[in-house]
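Here's a quick tour for anyone new to reading protein structures. Take a look at the picture first, then work through the points underneath.

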Amino acid sequence: MSSHAKPSGDRRFLQVHFETMGAQLAASKSGMWLFLASELLFFGGLFTAYAVYRANHPDMYHYGQYFLDWRMGAINTAVLISSSLSAAWSVRAAQLGDTKTLKATLWLTLLLAGAFLVVKYFEYAHKIEAGYIWGGEHCVDNLKVAGKLTEHQIEHCLSALPPEVAHLPIPEHMGRFFSIYFVMTGLHGLHVLIGMALYVWLLRRAGRGDFGPKYFGPVDMVALYWHIVDMIWIFLFPLLYLIG
Amino acid sequence: MVAATRTAELHQGHEETSTHDNYLTHAHGWRSWIFSLDHKRIGIMYLCAILISLLLGGVFALVIRLHLWTPEGALVSNHTYNNLFTLHGAVMIFLFIIPGIPAALGNFVLPMQLGAKDLAFPRLNLLSFYLYCIGAVLFLGVLLASGIDTGWTLYPPYSLEGSRGLGVLLALTGTFIVGFSSILTGLNFMATVHSMRPKAMGWFDMPLFLWALFATGIIQVVATPVLGITVALGFLERLFHLGIFMPEYGGDPVLFQHFFWFYSHPAVYVMILPAMGIVSEVVSVFSRKPIFGYRFIAMSSIAIAVVGFLVWGHHMFTSGQSKWTNIIFSFLTFFVAVPSAIKVFNWLATMYKGDIRLKTPMVYVLGFFGLFGVGGLTGIFLGSLATDVALHDTYFVVAHFHFVMVGSVLTAFLAGLHYWWPKITGKMYDERWARVAAILVMVGFFITFLPQFLSGLQGMPRRYATYLPEFKPLHQLSTIGAIVLASGMFLDAWVLWVSLRRGKAAPANPWGAASLEWATPSPPTHHNFDETPPITGPYNYDVLEEVSEEAGWVRNDGWNP
């Protein structure tokens, strides 16, 4: 790099195999959309598993819905939709070169994402504490299995049961509902975490003044990713919390 | 890491070079390789890794064949045998055939066929190579851990039982990671074709190899994530008893089969489409005729990629799925043969009245026609419901998929390797011995797998470590074929090795091909092109004339690298 001056100005982020910033942005965009397509298929497997089990065991879903608190889900839905707004806003701010708004909206997105995970933490903690966990470990399934649970665990499991299910017959292998719940929301939560890491990275770069009207690709790409994470939740919320 | 520094590094990596410099001499030391963002170097690293995998999978195959020399098994214990056929399948499929042509040859050739300096995402390209290596190491870890005797398909409940430990977990993780590598490669290729084509090159001015890689990319991006989530669920099922796949906890093992084949059937098109792309290039160049039916070949690649998603159920005719499902899958299976046949007829029409030159790549391609023809036609018996029920899980299936997947892809891979070898290494190889090797490989292949159709028809089940004495002659013939095939492969390895050591210098365009990768010196410069070559069509041979064996072909309009 000795004999060559570092490219300056708006072209400093232009990689050498592209002719123009526009070509570079177009390439990133097509790459990002393809990645999002693969994300949809990644979750698609889980949605299929959900559908197959729902079709074969509707009673399981009917019983299971009462364990999920729709108010928590609704709060998180509002939180994520707001965060998508601030993510979209941050792209606009970057394009306009409005660094102050950019930083503010990046922070807002990051905080809302964090709020989502805090709510999710309380939901998980409640279920795990009561023993309403996945598959073969689910406490309701093991109530009648001699020696599998301690008396304390049985008491805990029963005391936390939602009142609505008291008169319902317990479906076989109820734990599968919670497997699907935990895997789907868990994978989604992992995506939220990754999104947060990306927003921390964007904040650092925004602080350095990297972004402006000629170079805003990363803000744009991360926002696209963030919208898909939001969108997946918008499907998860009614499927799991609302339509038992 | 700081972005500006990274950009600076990228610039440093791509610094201007003198005209005598090529991508191999551009930088030195092992660091200049493992941190290289140059698609050509990454392609070469892939090539080495993939050839090692091929060797490993091939050694497993040889041990299997030698073991089957006698009915009671000649070499290893039954348990070892089960491990061997599982790893033979897993290594060959996940580490050789799927990444083989796209990641090694495609990586090298794709940007150059576009007249571009690199792939759209060079760092992503290097990352996908690293992921491939990590996945490969995990597969090797399986060998050292408890082993794995489930077959490469990893069907539960057997594969996820409590007694099967580390081996299965490692294999699932390895598959997941290699899958990611494949997604990133496909994504990179598609984005590159989309956004880095020169203005003068429309979609229908691209070489057909690019169409093939693009269609492959569709499958890699859309199908592979489903495999990812499947093996992830398998992993969690084994550790936490989810009850999604294991009947013990209320799970549905047939759901695993659906998920698995939703990826693994399209995956055979990930293998064959790039192979068909190579055939399209080679058959046209060595017939000295523009490819016949360009648009049909291009569109049939896309058709195969799309329809290939809808046929996975033909792996499950005996799984107990409904007969109506079976009928629909059977129909679609026949349907997907149409675009494949379109390609074959167009290749044959390209050769018709052509000036055919039997160089090594062309010899392999002629072998491809034979192997793909036999493999495709025997597929009809497996796609038909009535015959499949009898033939399911017999050696007939083994023979069929070896013909289509292995024979066809391996010969096309070798055709491509010999075709681009002068470009990659800057050296010519010994044409005579390379052709002898090619013929040995193909003859060996036929001797190995034709008898397996017969033993399968007579009821020999696949994956058995021992067999009834009446199958002995057919099994022994098969083993002899495997030895011939292996000797051909080793002879070819020797030919290429000798070429590296003391091959004649290759001209820029030794075969007289019109696509852009030949409009740059052999080996190419670091940036591929010093100036953008004129774009006159990938199969337009009128602009080329042969000077001599040593100087190869030059353009007659005065423009030459």
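Follow chain A along its sequence and you get the pattern α-α-α-α-α-α-α-α. In other words, chain A has eight helices and zero strands. Keep in mind that this is a predicted model. Chain B does have strands, and we'll visit a pair of them, β1 and β2, after the overall look at chain A.

**Chain A: overall shape**

- The C-alpha trace of chain A spans about 80 × 35 × 30 Å along its principal axes.
- Chain A has a radius of gyration of 23 Å, whereas a compact globule of 244 residues would come in near 18 Å.

**Chain A: inside and surface**

- How much of chain A counts as buried? The figure is 50% of its 244 residues.
- Take the contacts in chain A with a separation of 6 or more: 80% of them come from residues 24 or more positions apart.
- The accessible surface of chain A adds up to about 11,300 Å², and carbon and sulfur atoms own 67% of that.
- Chain A carries 18 positive and 17 negative charges, and the mean positions of the two groups sit 14 Å apart.

**Chain B: a pair of strands**

- Strand β1 (residues 544–548) of chain B pairs with strand β2 (residues 552–555) of chain B in the antiparallel sense, over four bridges.
- Getting from β1(B) to β2(B) takes a hairpin of three residues.
- Want one bridge to look for? E546(B) has W553(B), in β2(B), as its bridge partner.
- A handy thing to know here: in a regular strand, side chains alternate between the two faces of the sheet.

**Chain B: Asp388 in helix α12**

- D388(B) belongs to helix α12 (residues 385–391) of chain B.
- Is D388(B) buried or exposed? D388(B) counts as buried, because its relative accessibility is 4%, and the cut-off for buried is under 20%.
- Not counting residues up to four places away in sequence, D388(B) touches F317(B), F381(B) and L382(B).
- H314(B) is 74 residues away from D388(B) along the chain, yet their C-alpha atoms are separated by 9.2 Å.

**Chain B: Asn188 in helix α6**

- You'll find N188(B) in helix α6 (residues 166–195) of chain B.
- N188(B) has a relative accessibility of 1%, so N188(B) counts as buried too.
- Which residues does N188(B) contact, leaving aside neighbours within four places in sequence? They are L119(B), A120(B), F121(B), L124(B) and N125(B).

Conventions. Residues are numbered from 1 along each chain as its sequence is written. Chains are lettered from A and ligands numbered from 1 in the order in which they are written. This is a predicted model: local features need pLDDT of at least 70, side-chain atom pairs count only at pLDDT 80 or more; totals for chains, interfaces and linings use all residues. Side-chain values use heavy atoms; hydrogens and water are left out. Helices (H or I, at least four residues) and strands (E, at least two) are DSSP runs, numbered from the N terminus. The radius of gyration is taken over C-alpha atoms; the globule rule is 2.2 Å times the number of residues to the power 0.38. Buried means under 20% relative accessible area, exposed over 50%, partly exposed in between (1.4 Å probe, protein chains only). Contact means heavy atoms within 4.5 Å. Accessible areas come from the Shrake-Rupley method with a 1.4 Å probe; for residues, only the protein chains shown count as cover. Lys and Arg count as positive and Asp and Glu as negative; His and the chain ends are not counted. The place of a charge is taken as NZ of Lys, CZ of Arg, CG of Asp or CD of Glu. Two strands pair if DSSP finds at least two bridges between them.
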